[in-house]
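The following note sets out some remarks on the structure shown below, in numbered points for your consideration.

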Amino acid sequence: MVSLQWYVWLSLTLFMVGVFGFLTRRNIIMMFLSIEIMLNAVNLSLVSFSHFLNDLRGNIIVFFVITVAAAEAAIGLAILIALFRNRASANVDELKEMKG
Amino acid sequence: MPDIGAQLWLLGPEIVLAVFAFGVILLDLVIKEKSVLAYLSIAAALFIMFTMFGRQGTAFGGMFLADGYGLFFNFIFLTSLCLSILVSLKYLPVERINFGEYYGLMLFATIGMMVMASAGDLIMVYLGLELMSLSVYVLAGFMRQSTRSNEAALKYFMLGAFASAFLLLGISFTYGLTGTTQISGVAQYIKDNGLAGNPVLAFTTILYVAAFGFKIAAVPFHMWAPDVYEGAPTPVTAFMSVGPKAAGFAVIGRVLTVALGPVSSEWTGLLIVLSILSMAVGNILAISQTNIKRMLAYSSIAHAGYALLGVIAGGPEGLASMMNYLLIYTFMNIGAFTVVTLLRTEGVKGEDLSDYEGLSKNHPLLSALMLLFMFSLTGIPPTAGFMGKFYLFVAAINAGYLWLTVIAVIMSAISAYFYLRVVMYMYMKEPGTVIPVQRSTAGRVALMFTGIAVLLIGVQPTGFIQMARSALAGFGI
């Protein structure tokens, strides 16, 4: 039997991988994938808490999170396409039209 | 098992608004004249505003709380919805973005905020927050031909999604720690088990403060605000400087002061830092701005700092002053953005400070109202902004935060420089080219309404603060 701590540490590590990827990657798609990793890290911790607490609530939250993540992906990619049509680049460093 | 009809009745406002939102999107297919959809949305909002009061109770196993607190915030959201739609009517054709989905998205964003304000469970907080955010991301990028608007939407989206992942991690760890996600249940568990000082609890507290700090644009989670406010269409900027911010505060009231209420000493310190930084950075960086939308963005960061004083003071007194301030902020900020929007006409951007030079010569009434809003944002009597700050500062002093109030007063004095500079440009400079103004009746209605509200609350301030205080009855603090 693997204890709860292993799951929690795994999920925290995954979450930190996502945070690190978001902060260091400059390509918008890669940043977006990093956010997905963060969300799935949370899902992992929710499922394991749910299992060890013998309570269904955590599993239910995971379903909601997956749904919202799908909606988020749809909107994020739509915004990216709108941007790409106007300037054909997916690099965040080039997004500096407004400053001050 | 309580009767399902009674529970749905409590959710009435949200359900009606959702029906109208879908209706607007469907009608968009057959209706060519898009202003019909705008009036339909306003009618829905007004209908809900007049029928929603008096609902009391919990629905769906404590997921949804219909109480005075939520209804007061609903009032703020619906007011800002109506005013922003009025402002949009003539603006959208000028920007060539006159699509019906705009109003549908505004309605969906408002439903998200209403769900957030009435959430009884952390899942509802998350779902409401996402419904609101996803709609507002799209609205921010609504001018899809404009690279600035694209850039605003993408920045808002990226950082917003990043922040909501942190919120989710906080929810997950709260669940793991307490075994429940119900807000009152979490508070009960913390109290019963004496979890004060628990490191996991402290960790989740930091995650919550970061996630909600992002939504209210408090420093150091404010980086997105100036760019997004500048790039988004002006009525959307007006809407999101008020609605999502108020919704963020509503959730702070629910999650921090109720769920984490038993360990309030752990988050009060964090909020004090956020509040001081927001007031300082917002007011000082606003001084050097030449774009008025950007200046108002920094001003909105500073106002989040002021409103946080109410949460820090805590108790019914502090929360009531925070709610009252957010309502007043709705009127004065949307009023100021209405003036900015009215200056946008074919071929004239009207966003630069120099566009305000000598405005009073050509448009005396518009300038007088802008003067009123600027005075109110500074906090000069007899305007509403003064009374709002007055109640906030009284609450903070009564709670023993005299030094914090002194800082806030000094920061408001600094803010006078950039607010009154607009007034100086309008009244003491000679006009360069004549700046035309949109001939928008709806925009004028919004302007008159906000102007009267700012003046009326300024001379007769007790009404709303009493309303906020009585709304907090049975809130559980």
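1. In this predicted model, D3(B) is exposed because its relative accessible area is 51%, and the threshold for that class is over 50%. D3(B) belongs to the segment that precedes α1 (4-10) of chain B.

2. Two further relations of D3(B) may be recorded. Its side chain reaches the backbone nitrogen of G5(B) at 3.0 Å. In addition, D3(B) and A59(B), separated by 56 residues in sequence, have their C-alpha atoms 9.8 Å apart in space.

3. Turning to the interface, 45 residues of chain B are in contact with 41 residues of chain A. The area buried between the two chains is about 3800 Å², and carbon and sulfur atoms give 75% of this area. On the side of chain B, the residues that lose the most area to chain A are L154(B), M158(B) and Y175(B), which together account for 17% of what that side buries.

4. As to polar interactions, the rule finds one salt bridge across the interface of chain B and chain A. D121(B) forms a salt bridge with R57(A), with the closest N and O atoms 3.0 Å apart. Seven residue pairs in polar contact, both residues at pLDDT 80 or more, are also found across the interface.

5. Four helices of chain B, namely α6 (122-140), α7 (147-178), α10 (224-231) and α13 (292-313), each supply at least two residues of the side that touches chain A. The largest share, 22 residues, comes from α7(B). By class, this side of chain B comprises 23 nonpolar, 13 polar and nine charged residues.

Key
Residues are numbered from 1 along each chain as its sequence is written. Chains are lettered from A and ligands numbered from 1 in the order in which they are written. This is a predicted model: local features need pLDDT of at least 70, side-chain atom pairs count only at pLDDT 80 or more; totals for chains, interfaces and linings use all residues. Side-chain values use heavy atoms; hydrogens and water are left out. Contact means heavy atoms within 4.5 Å. Buried area is the accessible area (1.4 Å probe) that two parts lose on being put together, summed over both. A salt bridge is a side-chain nitrogen of Lys or Arg within 4 Å of a carboxyl oxygen of Asp or Glu. A polar contact is a pair of N or O atoms within 3.5 Å; within protein, one must be able to donate a hydrogen and the other to accept it, and residues adjacent in sequence count only if both atoms are side-chain atoms. Ala, Val, Leu, Ile, Met, Phe, Trp, Tyr, Cys and Pro count as nonpolar, Asp, Glu, Lys and Arg as charged, and the others, Gly among them, as polar. Buried means under 20% relative accessible area, exposed over 50%, partly exposed in between (1.4 Å probe, protein chains only).
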